[in-house]
Amino acid sequence: MSDLDQFRQTVHAWLEENCPPSQRRPITRDEQVWAGKNKTFPSNDAKLWFERMRDKGWTVPEWPVELGGGGLDERQAKILKEEMKRLGCRTPLFDLGIWMLGPAVLEYGTEEQRQQHIPKIARGEVRWCQGYSEPGAGSDLASLQTRAEDKGDHFLVNGAKIWTTNADKADWIFCLVRTDPSAKKQEGISFLLINMDDPGVSTTPIELISGESEFCQTFFDNVKVPKSNLIGELNKGWSVAKSLLKHERKLMAEIGGDTPGPSFGPVQAALEYVGLDSSGKLADRGLREQLVSHEMAFRAIGLTHFRSFEERMNGVADNNVPLIMKYVGTEESKRKEEVLMAILGHRALGWNDTEFNDDELLTNRGWLFSKALSIAGGTSEVQMNIIAKRVLGLPE
Amino acid sequence: MTLVLNEEQRLLKDTAKDFLARVMPVAALRELRDQKDELGFNPNHWQQMVELGWASMVLPEAYDGLDFGYMGLGAVIEESGRTLAASPLFSTVVLGSTIIIEGGSEEQKSTFLPQIAAGTLSLALALEEKPHHQPSDFATTAVADGDDYIINGEKLFVLDGHSADYLIVATRLQTGTGLFIVDANTDGIERRRHHLIDSRNAATVRFNHVRVKASSLIGNAEQGQDILNTAMDYGRICLAAEMLGAASECFERTVAYLKERDQFGVKIGSFQALQHRAAKMFIELELSKSVVLDALSAIDEKRADLPQLASLAKARLNDVFELITNEAVQMHGGIGVTDELDIGFFLKRSRVATQILGNSHFHRDRYASLCGY
Ligand SMILES: Cc1cc2nc3c(=O)[nH]c(=O)nc-3n(C[C@H](O)[C@H](O)[C@H](O)COP(=O)(O)OP(=O)(O)OC[C@H]3O[C@@H](n4cnc5c(N)ncnc54)[C@H](O)[C@@H]3O)c2cc1C
Ligand SMILES: Cc1cc2nc3c(=O)[nH]c(=O)nc-3n(C[C@H](O)[C@H](O)[C@H](O)COP(=O)(O)OP(=O)(O)OC[C@H]3O[C@@H](n4cnc5c(N)ncnc54)[C@H](O)[C@@H]3O)c2cc1C
């Protein structure tokens with residue numbers, strides 16, 4: 001048996017032994033464990049599962065062991081992910097620090113900054129949010145206006161961010177701020193970490209079409225930020241942000257597995273809500289065509305994820321492939337939600353109504369949530385611009 | 001399962017690319033068309049392909065084959081799509097030899113396979129009877145008569161049908177499907193060549209009371225349909241590989257044109273209306289690459305999901321090749337509809353390839369049924 005097969009067996013056995021059965025069922029929104037200094041757990045099992053994974057370093061499997069990670073290489077991490085998926089194990093910990101900030105600090109941070117932030121993220125002790133977008137700076141992020149003035153021993157931050165997911169629940173925020181207003185757009189920006197408890201930081205929630213309010217507007221009013229909170233060089237924040245966007249794109253491309261939704265997939269739902277006719281085909285041929293088109297595209301996307309991974313492992317990586325995955329992943333997720341809505345018919349239309357079961361209610365929530373996927377983390381149109389220019393080399 | 005070519009396969013692909021660009025560019029097809037060539041392919045070119053080992057690549061070593069697998073052959077076929085190279089490779093090797101390998105008797109194998117490997121024997125599969133692909137329930141009949149069978153019926157859209165040395169004809173037996181391998185010059189066989197839009201060839205083949213020996217039946221009535229299904233799936237996958245190559249080439253030529261053509265004082269590639277459509281095509285090609293590779297590896301690994309992969313690959317490449325050829329014409333503007341530009345050859349090949357072994361509706365329907373809905 002190869003080392004990797006051996007590893008797979010060990011991982012599988014450990015998960016079997018340590019993941020409580022209740023943590024192997026599909027997760028609902030209320031059951032996610034989010035990082036934070038005032039962490040709450042939806043159940044004892046969730047707490048137990050989180051603690052066991054944390055102690056293994058498997059909340060962040062690929063980070064260095066001495067900083068609280070699991071020290072796995074990419075192949076091992078993939079095996080862990082696959083085995084978790086096979087057993088249905090839930091993601092034990094949710095946090096933007098894991099998905100986005102951590103990798104940037106590992107890449108750009110000083111040794112002190114790594115020591116200060118990475119272990120806390122690994123252990124889920126702080127919750128992070130992302131302060132990029134502003135009312136006047138969305139796709140054109142580099143036109144952002146939030147100022148950080150150099151006051152000798154600290155920065156003085158003034159301005160407003162918008163669409164800050166979970167800012168009202170976060171302990172810290174990583175921000176893009178303008179440190180040199182006279183420089184060209186991209187060149188006067190720095191990457192700054194701000195404690196949400198600092199005087200002058202405030203948030204107001206924004207309600208979404210899905211009825212939730214996970215977005216906020218975030219205000220900075222004469223906030224004093226220590227100079228040691230600068231990641232990377234002064235006025236070089238744009239490179240940090242770009243590298244971080246890579247992680248965000250990857251995350252968004254893979255999203256779907258962990259987003260709360262109904263417990264059935266489209267095929268299962270179709271068998272239940274549409275049914276087969278005497279020829280063994282879905283009774284509604286139009287829906288059948290819609291469904292199979294989605295299923296086939298979904299499979300092609302899965303195979304492309306796999307190909308991209310294999311290419312990296314074999315040292316023949318095509319760096320263009322990851323650039324398409326955010327677009328295809330999110331657009332196909334949206335299509336899946338449309339297909340599900342169509343399959344459930346009017347049973348998908350209930351809103352906070354006990355006449356409908358949980359799966360039916362979650363179907364339209366998932367559908368509404370999915371609309372944001374092709375906006376957040378760089379809109380689909382922006383992804384297309386990137387492919388056209390960076391990959392195909394088409395002129396400006 | 002692996003979706004990456006190994007060193008040997010990559011080398012093979014590069015060699016194929018060089019050879020095809022040098023010897024069989026699109027201009028070679030244009031020449032065949034303009035000269036109204038009788039065969040529809042250049043035997044000298046075919047001989048060179050044989051020398052490169054392409055005819056023997058997937059045949060078993062016991063019969064002079066290289067047993068190199070479909071990941072390798074698929075890579076070659078993909079490259080052949082780039083130059084729209086016309087040859088008997090598909091009919092003879094992918095469809096024909098698969099049927100013999102899967103269902104043939106020891107005698108049939110040792111008679112036919114070494115000749116295929118040597119490039120001295122060509123085959124054609126006589127399958128279709130209607131305007132659309134129909135892989136079973138044939139109207140052509142084979143009725144037992146003493147030690148012989150008598151075949152009656154008409155087969156349409158028989159690729160390489162007019163030039164093949166032997167025909168494999170799919171028939172209805174009293175029960176089940178019978179595949180017979182028949183000398184194309186047997187009494188009662190009447191072949192009419194057709195010229196198609198893609199400048200390759202197909203024929204109508206009539207079987208008028210054709211008497212064949214029982215020993216020309218491949219497998220038996222029970223196995224016939226399964227053998228045929230396997231060969232058709234290999235065919236669909238290899239055709240998808242060819243279409244991927246052709247679509248990629250057509251796309252790359254179009255992107256090059258977007259960077260070269262000036263209008264309104266700028267390169268037309270700077271217009272976002274064209275950029276996003278080009279990006280969309282790129283995405284579809286990347287997804288297609290993964291699907292084709294996985295389907296080829298499913299053949300080599302004899303995986304149980306082969307039929308699904310075959311339908312996934314064929315449906316996808318039908319759609320993507322159509323999209324890309326249409327866009328290529330459009331983005332070339334007026335010159336895109338001229339015969340002088342090669343783009344029209346790709347457009348025409350796309351529509352022929354789509355009709356071979358099932359259009360997208362056929363394959364989506366099949367995929368859904370295979371998945372239980
Ligand atoms: C669920 C969700 C969570 C988010 N979380 C965060 C967060 O935590 N922190 C944060 O900082 N931000 C967050 N965002 C904000 C997100 O990054 C922005 O919404 C996004 O960058 C788009 O900016 P915008 O909303 O201003 O749209 P705009 O940029 O105004 O775009 C409007 C439309 O114009 C199109 N468009 C814009 N420019 C071009 C162009 N050059 N070519 C073609 N079309 C173009 C867009 O594609 C879009 O369709 C979140 C957004 C969502 C939906
Ligand atoms: C069958 C036929 C008959 C014709 N008959 C005549 C005739 O009798 N008399 C005559 O004078 N002409 C005639 N034409 C020429 C015709 O008017 C031109 O082909 C047409 O105007 C397009 O110009 P082009 O071919 O140079 O393409 P281009 O202008 O080079 O266009 C190439 C591609 O770029 C796109 N493109 C160009 N500009 C933009 C933009 N700003 N934004 C987005 N996309 C853009 C186009 O849509 C096209 O897809 C004929 C053409 C055809 C095909």
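Helices (H or I, at least four residues) and strands (E, at least two) are DSSP runs numbered from the N terminus. With that in hand, start with chain A. Its residues 129-223 are 0% helix and 46% strand, and the C-alpha atoms at the two ends of this span lie 17 Å apart. In UniProt, an unreviewed entry gives residues 129-223 of chain A the label "domain: Acyl-CoA oxidase/dehydrogenase middle". UniProt positions follow the numbering used here, feature names are shortened, and annotations may be inferred rather than shown by experiment.

This is a predicted model, in which local features need pLDDT of at least 70 and side-chain atom pairs pLDDT 80 or more, while totals for chains, interfaces and linings use all residues. Residues are numbered from 1 along each chain as its sequence is written, chains are lettered from A and ligands numbered from 1 in written order, and side-chain values use heavy atoms, without hydrogens and water.

Now look at the start of chain A. UniProt (unreviewed entry) places "domain: Acyl-CoA dehydrogenase/oxidase N-terminal" at residues 4-125 of chain A. Residues 4-125 of chain A are 55% helix and 0% strand. The end C-alpha atoms of that span are 32 Å apart.

A separate division cuts chain A into domain 1 (3-94), domain 2 (128-236) and domain 3 (256-391). Such bounds come from an automatic or database domain assignment. Domain 2 and domain 3 of chain A have C-alpha centres separated by 32 Å. Six residues from domain 2 of chain A and six residues from domain 3 of chain A make the contact between them, where contact means heavy atoms within 4.5 Å.

Ligand 1 comes next. A residue counts as near a molecule if one of its heavy atoms lies within 4 Å of it. By that rule 18 residues surround ligand 1, the closest being Gln130(A), Ser133(A), Thr165(A), Thr379(A) and Glu381(A). Why is the site of ligand 1 shared between chains? Residues from both chain A and chain B surround ligand 1, so the site is shared.

Chain A supplies several recognisable pieces of this shell. Strand S1 (128-131) and helix H11 (380-391) of chain A each give at least two residues to the shell around ligand 1. Domain 2 (128-236) and domain 3 (256-391) of chain A each contribute at least three residues to the shell. By class, the shell around ligand 1 has six nonpolar residues, eleven polar and one charged. Here Ala, Val, Leu, Ile, Met, Phe, Trp, Tyr, Cys and Pro count as nonpolar, Asp, Glu, Lys and Arg as charged, and the others, Gly among them, as polar.

Consider the atom pairs at ligand 1. A backbone N or O atom of Gln130(A) sits 2.6 Å from a nitrogen atom of ligand 1. For Tyr132(A), a backbone N or O atom is 2.8 Å from an oxygen atom of ligand 1. Asn385(A) uses its side chain: a polar atom there lies 3.2 Å from a nitrogen atom of ligand 1. The protein buries 67% of the 980 Å² that ligand 1 exposes when taken alone. Accessible areas come from the Shrake-Rupley method with a 1.4 Å probe; for residues, only the protein chains shown count as cover.

Turn to chain B. Its division gives domain 1 (7-120), domain 2 (124-222) and domain 3 (225-370). The C-alpha centres of domain 1 and domain 3 of chain B are 21 Å apart. Their contact takes 21 residues from domain 1 of chain B and 33 residues from domain 3 of chain B.

UniProt also annotates chain B, again from an unreviewed entry. "Domain: Acyl-CoA dehydrogenase/oxidase N-terminal" covers residues 6-119 of chain B. That span is 67% helix and 0% strand, with its end C-alpha atoms 27 Å apart. "Domain: Acyl-CoA oxidase/dehydrogenase middle" covers residues 137-207 of chain B. Here the span is 0% helix and 63% strand, and the end C-alpha atoms lie 17 Å apart. "Domain: Acyl-CoA dehydrogenase/oxidase C-terminal" covers residues 223-366 of chain B. Residues 223-366 of chain B are 78% helix and 3% strand, with 20 Å between the end C-alpha atoms.

Ligand 2 completes the tour. Residues around ligand 2 include Arg261(B), Phe264(B), Gln330(B) and Gly334(B). By class, the shell around ligand 2 has six nonpolar, four polar and one charged residues. An N or O atom in the side chain of Arg261(B) is 2.6 Å from an oxygen atom of ligand 2. Gln330(B) places a polar backbone atom 2.7 Å from an oxygen atom of ligand 2. For Gly334(B), a backbone N or O atom is 2.6 Å from an oxygen atom of ligand 2. Ligand 2 on its own has 970 Å² of accessible area, and the protein covers 41% of it.

Conventions: Polar contact = N/O pair within 3.5 Å; in protein donor to acceptor, adjacent residues only side chain to side chain.
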